Amino acid sequence: HRPGPRDRHGPVTARTGSAERAGRLQAAAAESGKAAVVAYSSARHFLADADPVWWLTRFKPMGECVAMVAPSGEVDLVVTPGWDLARASEAAPDVNVQAGDVLASLAAWRTRTGLAGGEIAFWGGQKVTAERADALADVLGPLADCDAAFEQVARRRDAADIALAEQAAMLAIDGYHELLRILRPGIAEFEAIARLHLYLRELGADDTFLLMSASRHNLALHPPTERILAPGDVVLCEISPAVGGVYSQICRTVVLGPAGHPIRDDFDVLSAALTAGAGACRPGGQVSAVVQAMDAVIGAGGYADYCRPPHMRARGHGLGLASGMPGDLTQRNHRPLVAGDVFVLHPNQYLPGSGYLLCGEPLTVTPAGGVPLTGGFASLAEVC
């Protein structure tokens with residue numbers, strides 16, 4: 001028996017109920033004059049995005065689903081496909097769960113609640129196709145896009161969400177240690193990742209997002225290929241498991257053999273940038289200020305011209321499924337950070353001497369700065 005996340009890292013903290021979360025949505029909707037809420041999920045999940053249905057009900061859909069909050073506060077969940085009803089009922093015991101056609105169920109709900117057109121706030125506009133949005137509008141009336149307002153509501157994670165993020169982070173560390181055992185010359189990238197995926201699922205991950213690239217001089221990070229690892233390769237790995245629907249992510253660089261110059265020197269520059277960025281992750285500080293703190297360190301190392309695309313994309317990003325906030329960490333993002341924000345911080349980028357390198361940790365924002373959920377910061381690894 002391999003211990004799962006609960007065995008290794010303690011029980012999950014009790015969650016707030018759907019009624020409490022529904023009340024928070026209603027309060028936000030009322031500010032724009034809306035009386036009810038429809039949360040929509042296309043079931044296309046991504047580790048950096050929120051899923052409205054999951055946030056409200058804690059059910060992770062496998063097909064198109066909607067959760068409706070009536071003016072009374074009652075929450076209804078409509079599930080597709082129908083055979084997933086039992087799982088939905090188990091995951092969301094405090095809401096009314098039914099299987100059926102989404103549009104027909106919404107029409108019946110609107111008739112039952114007596115809601116007029118324009119009274120319903122809609123969350124999930126970023127996930128719905130234009131064709132489906134038109135069909136939903138035919139049933140609900142004009143869709144009042146409240147994605148931004150509701151993202152701010154979901155951004156305030158409860159203790160259970162943070163506990164799950166911590167468990168996912170430690171699961172990523174467990175997976176990384178297993179990967180260090182697996183990596184060797186002669187194994188294909190895809191084989192290493194397949195074995196890592198299986199290991200993480202056996203430990204209790206309900207989803208994984210895994211990337212791996214290997215080369216003497218990586219140009220970028222990409223999904224694993226059939227390339228066979230060779231001595232001297234620099235292996236880049238991004239490990240992102242989810243526990244209970246909550247993702248964490250770590251970024252690591254491994255050298256197959258001794259790590260010489262300039263790889264070690266360049267990695268030290270990125271590691272120092274990561275530390276500086278974490279120190280700037282304080283409530284009220286802007287995302288752009290965190291990026292500037294990291295870029296300043298990399299620039300001082302002689303790489304100021306490389307702190308822009310195509311040499312890098314972002315200095316981190318949000319982690320779902322609770323909320324994608326604060327979004328991508330870029331110079332153009334001026335959102336203020338909030339205490340309790342959880343996201344991955346990484347100075348990943350290409351440098352001319354060593355190629356693309358990775359180091360990054362999931363962290364939470366505190367008055368003292370960003371605290372890594374993994375308990376520490378990334379280091380360069382050697383497999384000899």
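**Helix packing, a pocket and local backbone features**

Helices α5 and α6 run roughly parallel to each other. The model is a predicted one. Helix α5 spans residues 102-113, and helix α6 spans residues 130-140. The two pack at an angle of about 25°. Angles under 35 degrees count as roughly parallel, so the pair α5 and α6 falls in that class. Their axes lie 9 Å apart. The crossing of α5 and α6 is right-handed. On the α5 side, the contact is made by Val-102, Leu-103, Leu-106, Ala-107, Trp-109 and Arg-110. On the α6 side, Arg-132, Ala-135, Leu-136, Val-139 and Leu-140 take part. By class, nine residues of this contact are nonpolar and two are charged. No polar residue contributes to the contact of α5 with α6.

A second helix pair is formed by α8 (residues 159-182) and α9 (residues 189-203). Here the packing angle is about 140°, and the axes are 10 Å apart. Roughly antiparallel would require an angle over 145 degrees. Helices α8 and α9 are therefore oblique to each other. Their crossing is right-handed. From α8, the residues in contact are Leu-171, Asp-174, Gly-175, Glu-178, Leu-179, Arg-181 and Ile-182. They meet Ala-192, Arg-195, Leu-196, Tyr-199, Leu-200 and Leu-203 of α9. The contact of α8 with α9 comprises eight nonpolar, one polar and four charged residues.

Attention then turned to open space in the model. The second largest pocket holds about 380 Å³ of space. It is lined by 20 residues. The closest of these to the pocket centre are Leu-221, Glu-238, Arg-313, His-346 and Tyr-356. By class, the lining of this pocket has 13 nonpolar residues. Four further lining residues are polar, and three are charged.

The backbone was also examined for local features. Two cis peptide bonds are described here, one from Thr-80 to Pro-81 and one between Met-325 and Pro-326. For the bond from Thr-80 to Pro-81, omega is near -5°. Pro-81 sits in the loop between strand β3 (75-79) and helix α4 (85-91). For the bond joining Met-325 and Pro-326, omega is about 10°. Pro-326 belongs to the loop between strands β11 (316-318) and β12 (342-345).

A further backbone feature concerns Ala-43. This residue has a positive phi of about 70°, although it is not a glycine. Ala-43 is located in the loop between strand β1 (36-41) and helix α3 (52-57).

Key
Residues are numbered from 1 along each chain as its sequence is written. This is a predicted model: local features need pLDDT of at least 70, side-chain atom pairs count only at pLDDT 80 or more; totals for chains, interfaces and linings use all residues. Side-chain values use heavy atoms; hydrogens and water are left out. Axes are lines fitted to C-alpha atoms, for helices over the stretch in contact, and angles run from 0 to 180 degrees between N-to-C directions. Helices (H or I, at least four residues) and strands (E, at least two) are DSSP runs, numbered from the N terminus. Angles under 35 degrees count as roughly parallel, over 145 as roughly antiparallel, 65 to 115 as roughly perpendicular and the rest as oblique. A crossing is left-handed if the near helix is turned anticlockwise from the far one by less than a right angle, and right-handed if clockwise. Contact means heavy atoms within 4.5 Å. Ala, Val, Leu, Ile, Met, Phe, Trp, Tyr, Cys and Pro count as nonpolar, Asp, Glu, Lys and Arg as charged, and the others, Gly among them, as polar. On a 1 Å grid over the protein atoms alone, a cavity is a set of points where a 1.4 Å probe fits but cannot get out, and a pocket is an open set with protein on both sides within 12 Å along at least five of seven lines; lining residues have an atom within 4 Å of a point. Grid points are joined across faces, edges and corners, and a volume is the space filled by probe spheres set on the points.
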